[in-house]
Amino acid sequence: MPEPTLHAYSSERRGPLNIPPSSPFYEEATYWNANWGTPPGASEATTIDDMATTAIAVGTGKLLSKASYHDMTAPNLLGFGYKDPSCVPSCFTQIPAYNYGIGVVRTGNWLIQNPLVGGYSASEAYLPSQKLTVAVVATFLPGAFDPTTGNYPNASDTVWRLIARYLAPQDAPALPNG
């Protein structure tokens, strides 16, 4: 990654490495290869400005035909799926507050992408009706990680939603868990 680099730290390998909750565990994750969990080329190192530019391009369908944009953003999966304890929190019935398009998440009238991996939390959101863009990145201190599993919340998702609720109260996205 080019400098200056926002460094990230993580405890997410605590569970797989069987590190007991009583032992401190917090490691540098800045240069981890995030491609292990995504298709080749799907992970990127970027700036906050480029994140906002990407949100606009994705949210407007700038690089797509009208039909492809519709397919990507339409609420076709509403009501699909079910809550499965083996893949919490990822498996759930698709609802208006959070449902998948193709490569984007729909939350109300917002189109978002909100990855969480390797100690980084990044969210970009676009509200087509107002041509409004929000981009947020967060990293974490040791206290953010569950002491048993190493799991952690997607803080950037909460922050962009709070910003969006302020900027577009008539299209306020739901807050996580409520």
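Pro 89 sits in the loop that runs between helix H2 (66-73) and strand S3 (99-100), and with a relative accessible area of 66% it is exposed. Here buried means under 20% relative accessible area, exposed means over 50%, and partly exposed is in between (1.4 Å probe, protein chains only). Helices (H or I, at least four residues) and strands (E, at least two) are DSSP runs, numbered from the N terminus.

This is a predicted model, so local features need pLDDT of at least 70 and side-chain atom pairs count only at pLDDT 80 or more, while totals for chains, interfaces and linings use all residues. Residues are numbered from 1 along each chain as its sequence is written, and side-chain values use heavy atoms, with hydrogens and water left out.

**Helix H1**

- Start with the length of H1: at 1.5 Å a residue, its 13 residues should span 18 Å, and the end C-alpha atoms are indeed 18 Å apart. The expected span of a helix is 1.5 Å times one less than its number of residues.
- The buried residues of H1 are Met 51, Ala 55 and Gly 59. Looking down the axis of H1, these buried residues fall within an arc of 60°, so they line one face of the helix. The arc is that of the directions from the helix axis to the C-beta atoms.
- Over on the other side of H1, Asp 49 and Thr 53 are exposed.

**Helix H3 and its salt bridge**

- H3 also has 13 residues, and from first C-alpha to last it reaches 19 Å, close to the 18 Å expected at 1.5 Å a residue.
- Ser 156, Asp 157, Trp 160, Arg 161 and Ala 164 are buried in H3. Seen down the axis of H3, they fall within an arc of 135°, so they line one face of the helix.
- Two of those buried residues pair up: the side chains of Arg 161 and Asp 157 meet in a salt bridge at 2.8 Å, N to O. A salt bridge here is a side-chain nitrogen of Lys or Arg within 4 Å of a carboxyl oxygen of Asp or Glu.
- Both partners lie in H3 (residues 155-167), 4 residues apart, which is about one turn of the helix. Arg 161 has a relative accessible area of 3%, and Asp 157 has 7%.
- Thr 158 is in H3 as well, but at 31% relative accessibility it counts as partly exposed. The C-alpha atoms of Thr 158 and Leu 116 are separated by 12 Å, with their positions 42 residues apart along the chain.

**The other salt bridge**

- The count of salt bridges comes to 2. Besides the pair in H3, Arg 13 forms a salt bridge with Glu 27, the closest N and O atoms being 2.7 Å apart.
- Arg 13 lies in the loop between strand S1 (9-10) and strand S2 (27-28) and Glu 27 is in S2, so this pair ties together parts that are 14 residues apart in sequence.
- Arg 13 is partly exposed, at 36% relative accessible area, whereas Glu 27 is buried, at 15%.

**The cavity**

- There is 1 cavity of 30 Å³ or more, and the largest cavity has a volume of about 30 Å³.
- On a 1 Å grid over the protein atoms alone, a cavity is a set of points where a 1.4 Å probe fits but cannot get out, and lining residues have an atom within 4 Å of a point. Grid points are joined across faces, edges and corners, and a volume is the space filled by probe spheres set on the points.
- The lining is made up of Ala 55, Val 58, Gly 59, Val 104, Leu 111, Ile 112, Gln 113, Glu 124 and Tyr 126. Helix H1 (48-60), strand S5 (110-113) and strand S7 (120-127) each supply at least two of the lining residues.

**Loops and backbone**

- Asn 18 is in the loop between S1 and S2. Its phi is near 55°, a positive value in a residue other than glycine, and Asn 18 is exposed at 67% relative accessible area.
- Lys 131, in the loop between S7 and strand S8 (132-138), has a phi near 50°, again positive in a residue other than glycine. Lys 131 counts as exposed, at 67% relative accessibility.
- Back to Pro 89: its C-alpha atom and that of Ala 125, 36 residues apart along the chain, are separated by 21 Å.

Technical notes: On a 1 Å grid over the protein atoms alone, a cavity is a set of points where a 1.4 Å probe fits but cannot get out, and a pocket is an open set with protein on both sides within 12 Å along at least five of seven lines; lining residues have an atom within 4 Å of a point.
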